[in-house]
Amino acid sequence: MIISLTGCRSAVIPTFASAKNAKIQNILYFNPEIFPDILEIREPTYTAFYAAVSEKENHIRNLKMLRVDSPMPFDSVQASVIKEFCINNNAELAVVPKVKYFKVGFGKYIFSNQVIISMKLYDASGNLLTETSYDTYKKNARLLGSAENSIKIGTAGAIQNMTKYLARTRTKTGAPTADANLF
């Protein structure tokens with residue numbers, strides 16, 4: 001009896017491990033397009049954006065974020081490029097983000113702490129699944145605080161909007177186009 005139990009137990013472990021690995025999904029995040037494109041704000045923007053994405057994804061075990069340090073223009077995304085990146089990185093989804101800072105004053109750019117975070121979600125075939133944006137001023141009426149905090153709040157809000165849309169789409173169609181619990 002002991003031999004049969006240990007034999008069954010060892011047979012279950014590889015099956016469980018392979019099922020656990022099969023559920024891990026990769027999502028590509030491109031560097032956000034920044035408006036206005038000023039060299040000094042790129043790195044702090046990227047850092048705040050990816051910190052917010054990582055923080056949001058830490059709550060879900062079966063999700064792996066892949067960062068692509070390649071610029072992708074938000075308004076002219078090519079499906080073939082998305083498809084190629086997804087195939088090469090074994091990813092199921094790709095996110096193309098944009099961060100727009102508000103201009104305050106006249107002349108040179110003087111930035112406020114308000115931002116609009118926009119995101120487009122694509123599947124591995126390069127098809128657009130959803131597009132969303134989150135305006136930190138309109139949603140939270142944030143007047144104080146840093147731009148980094150606004151980017152984190154806006155990124156979390158945009159991801160939450162995408163999750164809601166995917167959940168609605170999944171319940172209406174019943175088809176698993178993308179897992180609604182990805183974010």
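Let's start on a helix: Lys139 lies in helix 4, where helices are DSSP runs of H or I with at least four residues, strands are runs of E with at least two, and both are numbered from the N terminus. At 51% relative accessibility, Lys139 counts as exposed, since exposed means over 50% relative accessible area, buried under 20%, and partly exposed in between, with a 1.4 Å probe and protein chains only. Before going further, please note that this is a predicted model, in which local features need pLDDT of at least 70 and side-chain atom pairs count only at pLDDT 80 or more, while totals for chains, interfaces and linings use all residues. Residues are numbered from 1 along each chain as its sequence is written, and side-chain values use heavy atoms, with hydrogens and water left out.

**The positive patch**

Lys139 has company: together with Lys138, Lys164 and Arg168 it gathers in a patch of positive charge on the surface. Helix 4 (136-140) and helix 5 (147-173) are the elements that give two or more residues to this patch. Patches are made of residues with over 30% relative accessible area and no salt bridge, and like charges are joined within 9 Å.

**The overall chain**

The protein chain has 5 helices and 6 strands. Their order along the sequence is α-β-β-α-β-α-β-β-β-α-α. Of the 183 residues in the chain, 38% are buried.

**Aromatic contacts**

Rings of Phe, Tyr and Trp (its six-membered ring) pair if their centres lie within 6.5 Å; planes under 30 degrees apart count as stacked, over 60 as edge-to-face and the rest as tilted. By this rule there are 3 aromatic pairs. One of them is Tyr29 with Phe49, an edge-to-face pair with 6.3 Å centre to centre and 65 degrees between the planes. Tyr29 belongs to strand 1 (residues 25-31) and Phe49 to helix 2, so this pair ties together parts that are 20 residues apart in sequence. Tyr29 is buried, with a relative accessible area of 0%, and Phe49 is buried, also at 0%. Phe30 and Phe85 form an edge-to-face pair too, with 5.2 Å between centres and 85 degrees between the planes. Here Phe30 sits in strand 1 and Phe85 in helix 3, so the pair ties together parts that are 55 residues apart in sequence. Phe30 is buried at 0%, whereas Phe85 is partly exposed at 24%. Finally, Tyr29, Phe49 and Tyr50 make up one aromatic cluster.

**Salt bridges**

The structure holds 2 salt bridges, each being a side-chain nitrogen of Lys or Arg within 4 Å of a carboxyl oxygen of Asp or Glu.

| Salt bridge | N to O distance |
|---|---|
| Arg42 and Asp37 | 2.9 Å |
| Arg67 and Asp69 | 2.9 Å |

In the bridge with Asp37, Arg42 is partly exposed at 30% relative accessible area, while Asp37 is exposed at 52%. For the other bridge, Asp69 is exposed at 56% and Arg67 is partly exposed at 39%.

**Backbone details**

Two spots may catch your eye. Most residues other than glycine have a negative phi, and most peptide bonds are trans. The peptide bond from Phe35 to Pro36 is cis, with omega near -5 degrees. Pro36 is found in the loop between strand 2 (33-35) and helix 2 (39-57). Asn90, although not a glycine, has a positive phi of about 55 degrees. Asn90 lies in the loop between helix 3 (79-89) and strand 4 (93-104), and at 58% relative accessibility it counts as exposed.

Notes:
Patch = residues over 30% accessible without salt bridge, like charges linked within 9 Å, V, L, I, M, F, W, Y side chains within 5 Å. Areas by Shrake-Rupley, 256 points an atom, 1.4 Å probe, with all protein chains shown as cover. Lys, Arg positive; Asp, Glu negative; His and termini not counted. Charge placed at Lys NZ, Arg CZ, Asp CG, Glu CD.
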